[in-house]
Amino acid sequence: QVSKFGCPWPCYLQPATCAKMAARDGFVESSSEDQERIRGWALHFAAAKQAAEYFGRRPRRFSLLFSHPEGAPLPENAKRIHFVRHGQGAHNVWRAQERAAGRAPHAKRGNFGEVPRGLHDPDLTDRGLEEAAATQVLAAAACSPQLLVTSPVRRAVQTCLTVFKAAIDRGVPLLAHELCREQFRGLDPSIYDARRGREALAREFPQVDFQKYVLPETVSLTASVSQSNGGAAADAATQLAADPMWWLCGSPLGACEGGTNETSMMEHAYGFMCWLMSRPEGEVGVATHSLWLLALYYGAFDNPGSNAGGDPHVFYTGELRTVLILERPAPATSGGCLAAYGSALLGSGLTGQEQDEVHPQKRARTVGDRGAVLESLSLGC
């Protein structure tokens, strides 16, 4: 899949902008360890998407629109979305430093007091702020969003406020949404994927609406956490427990045995797209994270494609990509009439009468009624 300007991403920015951004590749910039994880995640997301389709959990489908006349209005079932990955965060630098020292990055709730405190919901670095400022120039020239949505994690909020400053100054509404936050896996996620409490975020970023789509602190949870820990550990645990999704390693959309996993990540991305595509705005800016974007492309889009090297798409820090997303209903399934056999195959089996009732093609052949065969075929069998 190639954009109209020749880079490996489907994108609708201006030629000079696209050429500048195509000079970097988020996958290539990732460490070799992360590259292997990224490949594995993309495969997991694609498999989970296929399973969701199999079980009928994908009535709405989303695909990237690669060809559309420039300047022409979008179809009613399409939106122009400006996705931006947050700029470099303090955790990105720390992880690189740990690897350079021959250590595996490890910043968990169990060693919260042994790692830099700034790793909990970290800020952008100076370089991250510079990346966001550079992208701000591109966004001001190429983006006219009617709505802005950001992950509630601070590095994404900071990036959104900088990149889409022109839109914010025009009064475009800005919402934080829990379903486009960074993803994490298992029962012991890293502290840099935990956010501050909703009320603390609202005080720090009054321009952002955190009330509608960000989970609140749970008083009973934070009280329980505080009582089960002592001293500094209680303070640290209470800070982390202000983010209920992270602390409980769960999802509001379904059960997570053994903690959050690739399926929950994919469901969050798909759920967010269902919410976003149901809104009236035709052009939206979204500030989010690399793993969430990976889950979106390979777990929610029908045609994600790959980068120039055939590897998964990965946004680099501060990267802005404008895509057109088309929604359509799920296509007709092949062999849909076979579902009539399901309960019998899982239960007491088939009888001759049931076979005649659920297999009109067989009955039609028996009596020579070719018209009935064609009618059954037209119904998706």
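This passage walks through the fold of a single chain, from its overall make-up to its sheet, two helix pairs and two buried residues.

The structure is a predicted model. Its chain holds 17 helices and six strands. Of the 381 residues in the chain, 50% are buried. Among contacts with a separation of 6 or more, 77% join residues that lie 24 or more positions apart.

A good place to start is the sheet. Six strands come together in an open sheet with mixed pairing, and their order is β1-β6-β2-β5-β3-β4. The edges are taken by β1 (60–64) and β4 (174–176); each has a single partner strand, so one side of each is left without a neighbour in the sheet. On average, neighbouring strands are turned by 30° against each other when direction is ignored. At the β4 edge, strand β3 (residues 147–150) runs parallel to β4, and three bridges join the two. Within this pair, leucine 148 has leucine 174 of β4 as its bridge partner.

Helix α12 offers a link between the sheet and the helices. This helix lies across β1, β2 (78–85), β3, β4, β5 (283–288) and β6 (320–329), and the angle it makes with β1 is about 85°. Helix α12 (residues 262–278) also packs against helix α3 (residues 32–54), with 9 Å between the axes and an angle of about 70°. At that angle, α3 counts as roughly perpendicular to α12. The crossing of the two helices is right-handed. On the α3 side, the contact is made by Trp41, His44, Phe45, Ala48, Lys49 and Ala52, while α12 contributes Glu262, Thr263, Met265, Met266 and Glu267. Sorted by class, this contact of α3 with α12 contains six nonpolar, two polar and three charged residues.

A second helix pair is formed by helix α5 (residues 126–142) and α6, whose axes come within 8 Å and cross at roughly 45°. The two are therefore oblique to each other. Their crossing, too, has a hand: α5 and α6 cross in a right-handed way. From α5, the residues in contact are Ala132, Ala133, Thr135, Gln136 and Ala139; from α6, they are Thr159, Thr162 and Val163. The contact of α5 with α6 comprises four nonpolar and four polar residues, with no charged residues.

One residue of this second pair is worth following further. Threonine 159 sits in helix α6 (residues 154–163). Its relative accessibility is 0%, so threonine 159 counts as buried. With neighbours within four places in sequence set aside, threonine 159 touches Val84, Arg85, His86, Gly87, Leu124 and Ala132. Ala132 is also among the residues through which α5 meets α6, and β2 covers residues 78–85.

The last site to visit is a loop residue. Glycine 259 lies in the loop between α11 (244–248) and α12. Its relative accessible area is 2%, and glycine 259 is therefore buried. When neighbours within four places in sequence are left out, the contacts of glycine 259 are with Gly186, Leu187 and Cys249. The loop residue can also be placed by distance: the C-alpha atoms of glycine 259 and proline 189 are 9.2 Å apart, although 70 residues separate the two along the chain.

Key: Residues are numbered from 1 along each chain as its sequence is written. This is a predicted model: local features need pLDDT of at least 70, side-chain atom pairs count only at pLDDT 80 or more; totals for chains, interfaces and linings use all residues. Side-chain values use heavy atoms; hydrogens and water are left out. Axes are lines fitted to C-alpha atoms, for helices over the stretch in contact, and angles run from 0 to 180 degrees between N-to-C directions. Helices (H or I, at least four residues) and strands (E, at least two) are DSSP runs, numbered from the N terminus. Angles under 35 degrees count as roughly parallel, over 145 as roughly antiparallel, 65 to 115 as roughly perpendicular and the rest as oblique. A crossing is left-handed if the near helix is turned anticlockwise from the far one by less than a right angle, and right-handed if clockwise. Contact means heavy atoms within 4.5 Å. Ala, Val, Leu, Ile, Met, Phe, Trp, Tyr, Cys and Pro count as nonpolar, Asp, Glu, Lys and Arg as charged, and the others, Gly among them, as polar. Buried means under 20% relative accessible area, exposed over 50%, partly exposed in between (1.4 Å probe, protein chains only). Two strands pair if DSSP finds at least two bridges between them.
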